[in-house]
Amino acid sequence: QVQLVESGGGLVQAGGSLRLSCAVSGRTFNRYGWFRQAPGKEREFVAGMYWSGKASYTDSVVGRFTVSRDNARNTVYLQMDTLKPEDTGVYYCAAGRVAGRLEDGMDYWGKGTLVTVSS
């Protein structure tokens with residue numbers, strides 16, 4: 001059974017850092033992504049990584065967020081630095097079985113972890 005379980009969210013002041021983890025069980029995937037949903041807004045792509053290691057980021061987090069993967073632990077991470085209040089939202093981990101875009105078309109989703117950045 002496939003499961004994606006996020007952890008690491010919390011409350012942090014602007015300028016601070018958090019590291020989100022996504023523990024993946026059941027199988028490995030071709031691509032992984034991090035998405036977020038701010039209050040009152042639609043869910044959006046934040047960052048993602050292919051099995052090859054190639055990563056992509058939405059423009060607003062370039063230079064501040066880093067996605068990585070620990071193959072031995074089958075865990076995907078999102079290191080978030082220099083956080084801003086607009087980064088607040090529920091962060092979801094997702095995975096795709098076959099080749100495709102990182103921004104959409106994911107097959108499995110976690111339940112999310114809340115990140116709150118205070119000003």
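Which backbone nitrogen does the side chain of E6 reach at 2.9 Å? In this predicted model, the side chain of E6 reaches the backbone nitrogen of G112 at that distance, 2.9 Å. The side chain of E6 also reaches the backbone nitrogen of K111, here at 3.1 Å. E6 itself belongs to strand β1, which covers residues 3-7. The residue is buried yet takes part in no salt bridge. R43 carries the nearest side chain of opposite charge, and it is 8.0 Å away from E6. A salt bridge would require a side-chain nitrogen of Lys or Arg within 4 Å of a carboxyl oxygen. The contacts described here for the side chain of E6 are therefore with backbone nitrogen atoms, those of K111 and G112.

R43 can be followed further, to an aromatic ring. The charged end of R43 sits over the ring of Y92, 5.4 Å from the ring centre. A comparable description applies to R27, which lies over the face of F29 at 4.8 Å from the centre of that ring.

F29 leads in turn to the aromatic residues. The structure holds four aromatic pairs. One of them joins F35 and F45 in an edge-to-face arrangement, with 5.6 Å from centre to centre and 70° between the planes. F35 lies in strand β4 (residues 31-37) and F45 in strand β5 (residues 44-50), so this pair ties together parts that are ten residues apart in sequence. Both partners are shielded from solvent by the criterion used here: F35 counts as buried because its relative accessibility is 4%, and F45 counts as buried at 11%.

F29 also belongs to an aromatic cluster, together with Y32 and Y108. Of these residues, Y108 is placed in strand β10, which spans residues 108-109. With a relative accessibility of 28%, Y108 counts as partly exposed. Y108 may also be located relative to A38: the two residues are 70 residues apart along the chain, and their C-alpha atoms are separated by 20 Å.

The next feature is a covalent link. The structure holds one disulfide, formed by C22 and C93, whose sulfur atoms are 2.1 Å apart. The angle about the S-S bond is -80°, and the link of C22 and C93 is left-handed. C22 lies in strand β3 (residues 18-25) and C93 in strand β9 (residues 89-96), so the disulfide ties together parts that are 71 residues apart in sequence. C22 is buried, as is C93.

Strand β9 also helps to locate T88, which lies in the loop between β8 (75-80) and β9. Is T88 buried or exposed? At 17% relative accessibility, T88 counts as buried, since the limit for that class is under 20%. The side chain of T88 has polar partners in the backbone. It reaches the backbone oxygen of P85 at 2.9 Å. In addition, a polar atom of the T88 side chain lies 2.9 Å from the backbone nitrogen of V117.

E6 and T88 can finally be set side by side. E6 is buried, and T88 counts as buried too. The side chain of E6 reaches backbone nitrogen atoms, those of K111 and G112. The side chain of T88 reaches the backbone oxygen of P85, and a polar atom of that side chain lies 2.9 Å from the backbone nitrogen of V117.

Conventions
Residues numbered from 1 in each chain as written. Predicted model: local features only at pLDDT ≥ 70, side-chain atom pairs only at ≥ 80, totals over all residues. Heavy atoms only, no water. Disulfide = S-S within 2.5 Å. Helix = DSSP H or I, 4+ residues; strand = E, 2+ residues; numbered from the N terminus. Buried < 20%, exposed > 50% of the residue type's maximum accessible area, 1.4 Å probe, protein only. Phe/Tyr/Trp six-rings, centres within 6.5 Å; stacked < 30°, edge-to-face > 60°. Lys NZ or Arg CZ within 6 Å of the ring centre and 35° of its normal. Lys, Arg positive; Asp, Glu negative; His and termini not counted. Polar contact = N/O pair within 3.5 Å; in protein donor to acceptor, adjacent residues only side chain to side chain.
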